[in-house]
Amino acid sequence: MITLYTYPYLYGLADNNPYGLKVVAFLRLCGLSYRQEHIIDVHDAPRGQLPYILDGSTVIGDSDLIIAHLIRQHRLPIDGDLSEAERRIDHMIRRTLDDLYWVMSYSRWSDPRFWPLFRDQLLNTHPDITEALLEAARQYNLKRYHFQGIGRYETDQIYSRGLTDLEVVAGTLADRPFLFGATPHSIDTALMGFLPNIYRYEIDTPLRAFVAAQPNLTDFCRRTAPLVSLAPSA
C-alpha cells in the first residue's frame with residue numbers, strides 16, 4: 001500500500017498544495033491503491049518538503065519524481081503514447097506551473113488582502129492547527145519569497161507574472177478535454193493540482209478571477225473534480 005503524505009485539505013480539495021493534489025489526482029487516475037496522511041510538520045520529509053510517498057520501504061519526495069517512480073514501478077502506460085514534441089510541451093507546461101506556484105503561494109501567505117481569509121479558513125477547517133503555527137509558516141514563506149526573488153517585486157508585477165502563466169495554460173489547453181486530446185496523461189494531473197487549487201478557493205484573487213473567466217479552464221475543473229476532491233473517509 002502506498003502512503004502519501006500531504007499538507008491539510010481545504011475547500012473540499014484533498015490537499016491545499018498543488019503538488020500534493022497533483023499526486024492525488026495521478027494515483028486516482030491510474031487506479032493505484034493508497035492511503036493519505038495530512039500533516040503539517042515537514043521535518044521527516046525528504047528535503048523538508050511535501051508531498052512525499054512511502055512505497056514499500058522506498059521514500060520519495062518531489063511530485064514529478066513520485067510520478068516517475070510510480071510509472072516505472074507499476075509499469076503504467078499513461079504517457080507511453082506521447083510523441084517527442086508532446087513531451088517537450090509537457091516539460092514546458094510543468095515549468096510554467098512551477099513559476100505559477102510562487103504567485104499562488106504569495107497570494108495566500110503574503111498578500112494582506114487574502115492572507116487573513118486563507119488563515120481563517122485553515123483554522124476553521126482544522127482545529128488542531130494553531131494561529132501561532134500558521135504565523136510561523138507565514139514568516140518562513142515570506143523569507144522564501146525574498147530569496148526566490150518574487151517577494152522583491154510590486155504586487156501588481158507579481159500577479160501579472162501569474163496571469164501570464166495562466167494565459168499560456170489556457171491557450172495550450174484550448175478546446176480539448178485534456179492537454180493532448182481526449183485521453184488524460186500525467187501532465188493533466190499537474191493541471192488538476194493547480195487549476196482547482198485556484199478556482200475552488202473562495203478567495204477572489206486575480207488568479208481566481210482569471211480562471212473563472214475562462215470556460216475551458218472552469219470546464220476542466222468541473223470534469224476532473226472527482227480526482228481531486230476530498231475523499232469521504234478523509
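Where does Pro51 lie? Pro51 sits in the loop between β2 and β3, the latter spanning 52–55. The model is a predicted one. In it, a cis peptide bond joins Leu50 and Pro51, with omega at about 5 degrees. Most peptide bonds are trans. That loop leads into the sheet, so the sheet comes next.

Four strands make up an open sheet. Their order is β2-β1-β3-β4, and the pairing is mixed. Which strands stand at the edges? They are β2 and β4 (58–61). Each has a single partner strand, so one side of each is left without a neighbour in the sheet. Direction ignored, neighbouring strands are turned by 20 degrees against each other on average.

Take the pairs in turn. Strand β1 covers residues 2–6 and strand β2 covers residues 34–38. The two pair in the parallel sense, over five bridges. Thr3 has Arg35 of β2 as its bridge partner. How does the chain get from β1 to β2? The path runs through helix α1, residues 18–29. This β-α-β crossover is right-handed. Helix α1 lies across both β1 and β2. Its direction is at about 155 degrees to β1. Back in the strands, Ile2 stands opposite Tyr34 in β2.

On the way from β1 to α1 there is a loop, and Tyr11 lies in it. Phi of Tyr11 is near 50 degrees, a positive value in a residue other than glycine. Most residues other than glycine have a negative phi.

Next comes the pairing of β1 with β3. These strands run in the antiparallel sense and share four bridges. Here Tyr5 stands opposite Tyr52 in β3. Tyr52 also faces the other way along the sheet order: in β4, Gly61 stands opposite Tyr52. Strands β3 and β4 pair in the antiparallel sense, again over four bridges. Asp55 of this pairing stands opposite Thr58 in β4. How many residues lie between the strands in the hairpin of β3 and β4? There are two. Gly56 in this hairpin takes a positive phi near 70 degrees.

Now turn to the helices. Helix α3 holds residues 84–109, and helix α6 holds residues 155–173. Their axes come within 9 Å and cross at roughly 145 degrees. The crossing is left-handed. Which residues make the contact? From α3 they include Ile89, Ile93, Leu97, Leu100 and Val103. From α6 they include Ile158, Leu166, Val168 and Val169. Charged residues take part as well, among them Asp99 of α3 and Arg161 and Asp165 of α6. The full set divides into 11 nonpolar, five polar and three charged residues.

Two tyrosines belong to this contact: Tyr106 of α3 and Tyr159 of α6. They form an aromatic pair with edge-to-face geometry. The distance is 6.0 Å centre to centre, and the angle between the planes is 75 degrees. The pair links distant parts of the chain, as Tyr106 and Tyr159 are 53 residues apart. A search of the whole structure finds 11 aromatic pairs.

One last stop is helix α8, residues 206–212. Arg208 lies in this helix. What is Arg208 in contact with, leaving aside its neighbours within four places in sequence? The contacts are Ile198, Tyr199, Tyr201, Glu202 and Ile203. Val42 is another matter. The C-alpha atoms of Arg208 and Val42 are separated by 28 Å. Along the chain, the two residues are 166 residues apart.

Key
Residues are numbered from 1 along each chain as its sequence is written. This is a predicted model: local features need pLDDT of at least 70, side-chain atom pairs count only at pLDDT 80 or more; totals for chains, interfaces and linings use all residues. Side-chain values use heavy atoms; hydrogens and water are left out. Two strands pair if DSSP finds at least two bridges between them. A crossover is right-handed if, with the strands pointing away from the viewer, the path from the first strand over the helix to the second runs clockwise. Axes are lines fitted to C-alpha atoms, for helices over the stretch in contact, and angles run from 0 to 180 degrees between N-to-C directions. A crossing is left-handed if the near helix is turned anticlockwise from the far one by less than a right angle, and right-handed if clockwise. Contact means heavy atoms within 4.5 Å. Ala, Val, Leu, Ile, Met, Phe, Trp, Tyr, Cys and Pro count as nonpolar, Asp, Glu, Lys and Arg as charged, and the others, Gly among them, as polar. Rings of Phe, Tyr and Trp (its six-membered ring) pair if their centres lie within 6.5 Å; planes under 30 degrees apart count as stacked, over 60 as edge-to-face and the rest as tilted.
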